[in-house]
Amino acid sequence: MNKTALVTGAASGMGRLVARRLAAAGHRVAALDVNEMGLAETARRSPNTGTYICDVSDPEAVTAAVAKARADLGPIDLLVHAAALCRVGSALGHDVSELHRVMAVNYLGTVNICQAVVPAMKEAGAGTVALFASLAGWLPSPGLAAYSASKFAVIGYTEVLAQELHGTGVRLVSICPPMVETPLLDGIRAVDPAVVAGQNGMSPEKVVDALEKAIADPKAPLFVFPGSARPLVLARRFVPDLLRRQVTRMVKPAV
């Protein structure tokens, strides 16, 4: 295939799964994350995967990592941005420093990686950008004020970016899954299991299946809603008060 993909959040969860699938399909893969040991595990037995330690909230670090990846592996044809952080806390009692960190990683991290990667795609007139958002960016829930706010910001940024990239040859896809069984969800349960109201998450494999299908389909919509995300987003649009009351009844966080 001889194409280069850059994947953030590649040390675990869906980022790792995406990186491994792309490498198995023959891509040269630049795997980015802050977790050096996790990256090493992702790249184990994958000679076409290079690892780059990078905090996506640091614009200078992102610029340097992307430049190094290009020098090592060639022009980036596909960007999959999966890096994300979640902290549980009440809207009124959440430590503001944690709110800043979540926003810096989830929203500003998206801005940083797009600003480092997309201009070269735009200049070349080709490329695909896949951004992980979340159902939480469409449907907020008690205990997740920081995470939901950051994902609302990601969705707004994504829509503006799509408008600005129209006609450039660069495709943009944003996948917005419901809860997914990843280390991020494990972390939420560890702090306060009531935040997920006893619900199980979607399998990461099915989410990545949906992402791969969207990337392969030039007519795919900008926002992709796998699993239960689609009916919930429709309910949010057409019966928001009813859905809000249902969420409030179901989710009773301790925080």
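Helices here are DSSP runs of H or I of at least four residues, strands are DSSP runs of E of at least two, and both are numbered from the N terminus. With that in hand, welcome to a short tour of this structure, which is a predicted model.

**The sheet**

A good place to start is the open sheet, which has seven strands in the order β3-β2-β1-β4-β5-β6-β7, with parallel pairing. At its edges are β3 (49–53) and β7 (223–224), and each of these pairs on one side only. Strands of a sheet pair through backbone hydrogen bonds, in either a parallel or an antiparallel way.

Several of these pairings can be followed residue by residue. Strand β1 (residues 4–8) runs parallel to β4 (residues 78–81), and four bridges join the two. If you look for alanine 5, its bridge partner in β4 is leucine 78. Further along, six bridges hold the parallel pair β5 and β6, and valine 129 has leucine 172 as its bridge partner in β6. Between β6 and β7, which also run parallel, there are two bridges; here serine 174 is partnered by phenylalanine 223 of β7.

How much of strand β6 is buried? Five of the six residues of β6 (residues 170–175) are, so this strand is largely enclosed by the rest of the structure. The strand also belongs to a right-handed β-α-β unit made of β5, helix α5 (residues 145–165) and β6.

**Helices α1 and α2**

Helix α1 (residues 13–24) lies across β1, β2 (28–33), β3, β4 and β5 (127–132), and runs at about 165° to β1.

Helix α2 (residues 36–43) has Gly38, Leu39, Thr42 and Ala43 as its buried residues. They are on the same side of α2 because they cover an arc of only 130° around the axis. Their cover includes α1, β2 and β3. At the start of α2, asparagine 35 places a side-chain oxygen within 3.2 Å of the backbone nitrogen of methionine 37.

After α2 comes arginine 45, in the loop between α2 and β3. Its phi is near 65°, a positive value in a residue other than glycine. Alanine 197 is another such case: although not a glycine, it has a positive phi of about 50°.

**Five residues to look up**

The table gives the place and accessibility of five residues you may like to find in the viewer.

| Residue | Place | Relative accessible area | Class |
|---|---|---|---|
| Methionine 121 | helix α4 (residues 96–124) | 2% | buried |
| Alanine 130 | strand β5 | 1% | buried |
| Serine 134 | loop between β5 and α5 | 7% | buried |
| Alanine 197 | loop between α6 (183–191) and α7 (204–216) | 24% | partly exposed |
| Arginine 45 | loop between α2 and β3 | 72% | exposed |

The cut-offs behind the last column are under 20% for buried and over 50% for exposed, with partly exposed in between. Methionine 121 therefore counts as buried at 2%, while arginine 45, at 72%, counts as exposed.

**What surrounds the buried ones**

Which residues does methionine 121 touch, leaving aside its neighbours within four places in sequence? They are Ile76, Asp77, Leu78, Leu79, Ala126, Gly127, Thr128, Val129 and Val170. Leucine 79 is 42 residues from methionine 121 in sequence, with a C-alpha to C-alpha separation of 9.9 Å.

Alanine 130, in strand β5, is in contact with Leu79, Val80, His81, Val173, Leu211 and Ile215, again leaving aside neighbours within four places in sequence. Arginine 189, by comparison, is 59 residues along the chain from alanine 130, with 27 Å between their C-alpha atoms.

Serine 134 sits in the loop between β5 and α5. A polar atom of its side chain is 2.9 Å from the backbone nitrogen of alanine 136. Not counting residues up to four places away in sequence, serine 134 touches Tyr147, Lys151, Ile155, Ile175, Cys176 and Pro177. Among these contacts, Tyr147 and Lys151 fall within the residue range of α5 (145–165), while Ile175 belongs to β6 (170–175).

Terms used. Residues are numbered from 1 along each chain as its sequence is written. This is a predicted model: local features need pLDDT of at least 70, side-chain atom pairs count only at pLDDT 80 or more; totals for chains, interfaces and linings use all residues. Side-chain values use heavy atoms; hydrogens and water are left out. Two strands pair if DSSP finds at least two bridges between them. Contact means heavy atoms within 4.5 Å. Axes are lines fitted to C-alpha atoms, for helices over the stretch in contact, and angles run from 0 to 180 degrees between N-to-C directions. Buried means under 20% relative accessible area, exposed over 50%, partly exposed in between (1.4 Å probe, protein chains only). The arc is that of the directions from the helix axis to the C-beta atoms. A polar contact is a pair of N or O atoms within 3.5 Å; within protein, one must be able to donate a hydrogen and the other to accept it, and residues adjacent in sequence count only if both atoms are side-chain atoms. A crossover is right-handed if, with the strands pointing away from the viewer, the path from the first strand over the helix to the second runs clockwise.
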